[in-house]
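Student: I've got a model open and I'd like to learn how to read helix packing and pockets. Can you walk me through it?

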Amino acid sequence: MESSSNPDYDVIIIGAGVMGSSTAYYAAKTGLKTLLLEQFDFLHHRGSSHGESRTIRATYPQNHYYGLVIKSYDLWREAQAQAGFKVYYEARHFDMAPSNDPTFVSVVQNCRENNADYQLLRREQVAEKFSGRIDVPDDWAGLLTEHGGVIRAAKAVTMFQALARNHGAVLKDNVEVRDIKNDGGVVVLATANGESFRGKKCVVTVGAWASKLVEKITGVQLPIQPLETLVCYWRIKEGYEGKFSIWGEFPTFASLGRVCLYGSPSLEYPGLIKVAVHSGNPCDPDKRPWGSGVMMDEMKEWIEGRFCGLVDSTEPVMKQSCMYSMTPDEDFVIDFLGGEFGKNVVLGAGFSGHGFKMAPVIGKILTELAVEGETNEVDLKHFRIGRFNVSSKL
């Protein structure tokens, strides 16, 4: 095999969802000769980065996400200013839960520790704050913060790809990567046509296909489970459409407790509000059932109870299938693949249904790891592969 002493690229990024596309932008912007590969068409609907919107919030029970989200707000604004169009829409964020729910208690504590701008609300204060649009049970509480918002998902992926190309990146779709070899740098082997690409470094951001590709390359089985989930849109009852709109100052929201739900105000589809369950059914990303959602009855009951009967809870009027890549602890995987690759292959995976909002800072981190072998953006101890007690078989 030819040596990578004279590689084609400084960095090859595999997977052109939001994480890979963001990484391609930051790598190319850094001046690296960058290649971004996608196994399907760009902007396909088979993975985790398609669709209309994602919420962005800083309220996490894990304290290490707060700083990443706050940095991401600035980076979203910076990227969209360069692109010349908007992908981030401002809103407040509202969390609600039984007041003694451990996750909710941790969220409130982290807001305090980070000096976040927040209001803790009892039931009657919730009703007053949202003018009768949200109701919670007597033993629940609400947490309202200024750090919310909506990211237009497919538009954001397009933005990063366009910015990457503007900075000289090469983008290729319908190139399925079969293997990665070490030859001092990396050789990325593609599909049937036998194409290969040589680079100094490689970043793997293949979403729900991460476990499959990593096992093929290294023999290591990472506990990243693809889940199929449904994003649902519900009809706002006639006459109340404006009250649940982002322009009517309705917040992004999350409900914690026995069933975890999330959603965003009416934006992409006028008259419809997005509400979904933070869960899904295990699946093989190559053999998805494209099936029904989880906890649909619980979601209907929640909508009827929380939105004061102003949203039709009979049935969602639109459903969009999507995939999560779940780790056992729901923390990300951001680490070097190790083994014979050393620090030449970086893995970004297991974003567990909450990574999209942090895509700019994650793209920056993955670029820094590929170029510098380290990052100052975050302590990676929370995201190391080693926490799963797997050992490299390279």
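Tutor: Let's go through some helix pairs and then a pocket, keeping in mind that this is a predicted model.

Student: Where do I start with a helix pair, say H1 and H8: at what angle do their axes cross?

Tutor: Begin with the axes and their angle. Helix H1 covers residues 18-29 and helix H8 covers residues 359-372; their axes come within 8 Å and cross at roughly 60°. That angle makes H1 oblique to H8. As for handedness, H1 passes H8 in a right-handed crossing.

Student: Which residues of H1 and H8 make the contact?

Tutor: From H1, look at Val18, Met19, Ser22, Thr23, Tyr26 and Ala27. On H8, the partners are Ala359, Pro360, Ile362, Gly363, Lys364, Leu366 and Thr367. Sorted by class, the contact of H1 with H8 has eight nonpolar, four polar and one charged residues.

Student: H1 also packs on H5. How are those two helices oriented, roughly parallel or roughly antiparallel?

Tutor: Go back to the angle. H1 and H5 pack at about 25°, with their axes 8 Å apart. Angles under 35 degrees count as roughly parallel, so H1 is roughly parallel to H5. Here H1 passes H5 in a left-handed crossing.

Student: And what touches what between H1 and H5?

Tutor: H1 brings Val18, Ser21, Ser22, Ala24, Tyr25 and Ala28, while H5 brings Val157, Phe160, Gln161, Leu163 and Ala164. By class, that contact of H1 with H5 divides into eight nonpolar, three polar and no charged residues.

Student: What about H2 against H5: is the crossing left-handed or right-handed?

Tutor: Left-handed. Helix H2 (residues 64-83) and helix H5 (residues 153-166) have axes that come within 10 Å and cross at roughly 65°. Trp76, Ala79, Gln80, Gln82 and Ala83 of H2 meet Ala156, Met159, Phe160 and Leu163 of H5. The contact of H2 with H5 has seven nonpolar, two polar and no charged residues.

Student: Okay, now pockets. What volume does the second largest pocket have, and which residues line it?

Tutor: With a pocket, take the volume, then the lining, then its chemistry. The second largest pocket has a volume of about 190 Å³. Its lining is Pro98, Trp140, Ser255, Leu256, Gly257, Arg258, Val259, Leu261, Glu298, Glu301, Trp302 and Arg306.

Student: Which helix gives the largest share of that lining?

Tutor: Helix H7 (residues 296-306), with four residues. By class, the lining of the second largest pocket splits into six nonpolar, two polar and four charged residues.

Note on methods. Residues are numbered from 1 along each chain as its sequence is written. This is a predicted model: local features need pLDDT of at least 70, side-chain atom pairs count only at pLDDT 80 or more; totals for chains, interfaces and linings use all residues. Side-chain values use heavy atoms; hydrogens and water are left out. Axes are lines fitted to C-alpha atoms, for helices over the stretch in contact, and angles run from 0 to 180 degrees between N-to-C directions. Angles under 35 degrees count as roughly parallel, over 145 as roughly antiparallel, 65 to 115 as roughly perpendicular and the rest as oblique. A crossing is left-handed if the near helix is turned anticlockwise from the far one by less than a right angle, and right-handed if clockwise. Contact means heavy atoms within 4.5 Å. Ala, Val, Leu, Ile, Met, Phe, Trp, Tyr, Cys and Pro count as nonpolar, Asp, Glu, Lys and Arg as charged, and the others, Gly among them, as polar. On a 1 Å grid over the protein atoms alone, a cavity is a set of points where a 1.4 Å probe fits but cannot get out, and a pocket is an open set with protein on both sides within 12 Å along at least five of seven lines; lining residues have an atom within 4 Å of a point. Grid points are joined across faces, edges and corners, and a volume is the space filled by probe spheres set on the points.
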